[in-house]
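Biologist: Mind walking me through this one? I'd like to know what sits inside and how the helices meet.

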Amino acid sequence: MLKLYCIPYSGASATIYSKWTRIVKEGIKIVPLELAGRGRRMKEDFYKDVDEAAEELSEIIIRDAGDCDFAFFGHSLGARIIYDVYYKLVDKGFRLPIKIFFSASKAPQLPCGETKRYQLPDDQFINVVLNYDVNSKAVFENKELYDIFVPLIRADFRIYEEYKFNNREDKITVPVVVFYGESDDTLQISDIESWREVTSGEFKLIPFEGTHFFINENVTKVVNVVNEELMQVIGIH
């Protein structure tokens, strides 16, 4: 059994990966990791920074992994978090994932920009969010959902935009696969290609049709590629 630990994007709960369990190959177990402040952890405080999230998730993985091989998948904010989770495991002397999937996120060494979008007034901040996903408009038109999701997404943007990159000399040694949407207007191809700079092992870029949320628009295609990539590694274990 190989466990694939999956971390969601800003504002999302771990349930975004529920469809994956029906498509993933036998021998691979999807393990969605719920971030604080959403889903079943709705009542918990938001993280103060990415480091706190990575520390907590690394401990969860260490307790859960057992003797199983494992891999990571993170989309957008989730990609930034699993980058730090990797180094938490390195520093704790725990074994490493057999492969990492970074999805729809600029490389961690790149600045997020001078504008702190999480500090914008609500109306401007919502426009920023809609630039990522116009389908979320219905959420902001519902007062009850608005009161839940605006603080949550703002908190996620904050830890992403205040992220402090630690320039490690020891690059990521395990195989890395970077996914991106060909119509993702929030990222430049150079943002994606720059992941190569923090890796020293096998590196692969894989495009998908779709926007920033191509993992929701092309679930079957995305999971089939994940299946293929993981089965290749399982085959040499």
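Modeller: Sure. When I say two residues touch, I mean heavy atoms within 4.5 Å. And keep in mind that this is a predicted model.

Biologist: Okay, which residues does F179 touch, leaving out those up to four places away in sequence?

Modeller: F179 is among the residues with the most contacts inside the largest nonpolar core, along with L4, W20 and F73. Its partners include S103, A104, I206, V222, V225 and V226. The phenylalanines it touches are F73, F101, F102, F208 and F214.

Biologist: Which helix gives the largest share of that core?

Modeller: The core has 41 residues. Seven of them come from one helix, residues 219-234, and that's the largest share. The helix is α8.

Biologist: Is T199 buried or exposed?

Modeller: T199 is in the loop between α6 and β6. Leaving aside neighbours within four places in sequence, it contacts K171, I172 and V176, and a polar atom of its side chain lies 3.1 Å from the backbone oxygen of R196. Its relative accessible area is 11%, and under 20% counts as buried, so T199 is buried.

Biologist: And how are α3 and α5 oriented to each other, roughly parallel or roughly perpendicular?

Modeller: Their axes are 11 Å apart, at an angle of about 75°. Anything from 65 to 115 degrees counts as roughly perpendicular, so α3 and α5 are roughly perpendicular.

Biologist: How many residues of that contact are nonpolar?

Modeller: α3 brings F125, I126 and V128, among others, while α5 brings residues including Y146, V150 and F157. No polar residues take part, and two are charged. The nonpolar ones number nine.

Definitions and conventions. Residues numbered from 1 in each chain as written. Predicted model: local features only at pLDDT ≥ 70, side-chain atom pairs only at ≥ 80, totals over all residues. Heavy atoms only, no water. Core = buried A, V, L, I, M, F, W, Y, C linked by side-chain atoms within 4.5 Å. Buried < 20%, exposed > 50% of the residue type's maximum accessible area, 1.4 Å probe, protein only. Helix = DSSP H or I, 4+ residues; strand = E, 2+ residues; numbered from the N terminus. Polar contact = N/O pair within 3.5 Å; in protein donor to acceptor, adjacent residues only side chain to side chain. Axes fitted to C-alpha atoms, helices over the stretch in contact; angles between N-to-C directions. Parallel < 35°, antiparallel > 145°, perpendicular 65-115°, else oblique. Nonpolar A, V, L, I, M, F, W, Y, C, P; charged D, E, K, R; others polar.
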